[in-house]
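Welcome! Here is a short briefing to help you find your way around a structure you have not met before. Take a look at it first, and then we can walk through it together.

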Amino acid sequence: MRDEGCRMRGGVARGALKAGRRRGRRGGGMTEVKVAVLGGSGAGKSALAVRFLTRRFIGEYASSAECIYTKHLCLDGRQIHLEIYDPCSQPQQGKLSLTDELHWADGFIIVYDISDRASFAFAKALLYRIRESHAGVWKKMAEPSIFLVGNKQDLCHMREVGWDEGQKLAIDNKCQFCELSAAEHYQEVVAMFTKVLRNITSNFKVKEKRRPSGSKSMAKLINNMFGKRRKSV
């Protein structure tokens with residue numbers, strides 16, 4: 001995966017989410033991919049996104065403003081225009097709507113802190129909300145790519161959530177799982193994001209293959225209406 005720079009759009013993130021999205025093709029041979037990084041306060045979702053985008057690790061994030069990072073990169077020979085939504089701070093109490101995020105994102109990275117069981121419970125609630133919505137909001141849409149990430153592996157001595165618990169939660173929700181440290185494991189952060197992007201672009205390819213052409217759709221409609229009455233003689 002080749003890095004071609006990134007930038008941040010702050011202050012307009014919520015408006016951009018509400019505006020919806022085009023799935024897949026952006027134009028000029030570039031594929032548009034949108035990923036939402038979600039998790040409880042202090043789980044390290046902003047650190048994870050910034051680590052991937054800039055290689056730098058920043059331990060403290062004082063900003064409470066949501067933002068969308070954009071990045072151009074080349075993955076497996078395909079030009080990608082990536083947008084990463086970072087809500088910065090999400091309340092861990094009350095009902096999770098996620099309505100805008102559900103319509104906007106092609107994929108989700110759900111982050112929890114292995115040294116904070118409350119953040120794990122919040123990650124579980126997020127996964128439940130996403131899966132619950134799939135039966136309604138996404139009933140006629142492609143299922144999103146979801147990756148569950150146990151962050152802060154460097155704090156194993158303070159661990160409150162076992163690796164096997166994270167793995168089981170991922171299996172129960174049919175998503176991928178890994179543990180890593182945004183502070184120490186840059187290459188693992190890149191590998192995780194790369195898997196997410198590959199899953200999403202693979203979903204795009206499957207959807208394109210399944211979409212019938214206009215002529216084939218019309219032929220199928222005619223056959224359904226009148227039946228195949230011709231016989232060889």
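Which residue in β7 is the bridge partner of Phe108? That partner is Ile146. Please keep in mind that this is a predicted model, with a mean pLDDT of 79 over the chain. The points below begin with the strand that holds Ile146 and then move outward.

**Strand β7 and its neighbours**

- Strand β7 covers residues 145-151, and seven of the seven are buried, so the strand is largely enclosed by the rest of the structure.
- From β7, Ser145, Phe147, Val149 and Asn151 point one way, while Ile146, Leu148 and Gly150 point the other way; all are buried.
- With strand β6 (residues 107-113), β7 pairs in the parallel sense over seven bridges.
- Strand β8 (residues 176-179) also pairs with β7 in the parallel sense, here over four bridges.
- In that pairing, Val149 stands opposite Cys178 of β8.
- To get from β7 to β8, the chain passes through helix α5 (residues 163-172), making a right-handed β-α-β crossover.

**The β4-β5 hairpin**

- Strand β4 spans residues 67-75 and is mostly covered, with eight of its nine residues buried.
- Its partner is strand β5 (residues 78-86), and the two pair in the antiparallel sense over nine bridges.
- Leu73 stands opposite Ile80 in β5.
- Two residues lie between β4 and β5 in this hairpin, and Asp76 in the turn has a positive phi of about 55°.

**Helix α2**

- Helix α2 is mostly covered as well: nine of its 10 residues are buried.
- Among the buried residues of α2 are Lys45 and Arg51, alongside Leu48, Val50 and Phe52.
- Right after α2 comes Arg55, with a positive phi near 75°.

**Two nonpolar cores**

- The largest nonpolar core has 34 residues, and those touching the most other members are Leu48, Phe52, Leu82, Ile84, Ile109, Met192 and Phe193.
- At least two residues of this core come from each of β3 (30-39), α2 (45-54), β4, β5, β6, β7 and α6.
- Helix α6 gives the largest share of this core, nine residues.
- Leu48 shows how separate parts of the chain come together: not counting residues up to four places away in sequence, Leu48 touches Ile109, Val111, Val149, Leu180, Ala182, Val189, Met192 and Phe193.
- Apart from this core lies another, of 25 residues, which includes Ile68, Phe108, Ile146 and Val161.
- Phe108 and Ile146, the bridge partners from the opening question, are thus both members of that other core.

**Asn199 in helix α6**

- Asn199 lies in α6, the helix of residues 186-210.
- Is Asn199 buried or partly exposed? With 27% relative accessibility, Asn199 counts as partly exposed.
- Leaving out residues up to four places away in sequence, Asn199 touches Ser145 and Gln176.
- Asn199 and Asp106 are 93 residues apart in sequence, and their C-alpha atoms are 9.8 Å apart in space.

**How far to trust the model**

- Of the residues in the chain, 65% reach a pLDDT of 70 or more.
- Over residues 228-233 the pLDDT stays under 50, and the model has one contact beyond four places in sequence for this stretch.
- Where pLDDT is low, the predicted coordinates should not be read in detail.

Definitions and conventions. Residues numbered from 1 in each chain as written. Predicted model: local features only at pLDDT ≥ 70, side-chain atom pairs only at ≥ 80, totals over all residues. Heavy atoms only, no water. Buried < 20%, exposed > 50% of the residue type's maximum accessible area, 1.4 Å probe, protein only. Pairing = 2+ DSSP bridges. Right-handed = clockwise from strand over helix to strand, strands pointing away. Contact = heavy atoms within 4.5 Å. Core = buried A, V, L, I, M, F, W, Y, C linked by side-chain atoms within 4.5 Å. pLDDT = per-residue confidence, 0-100.
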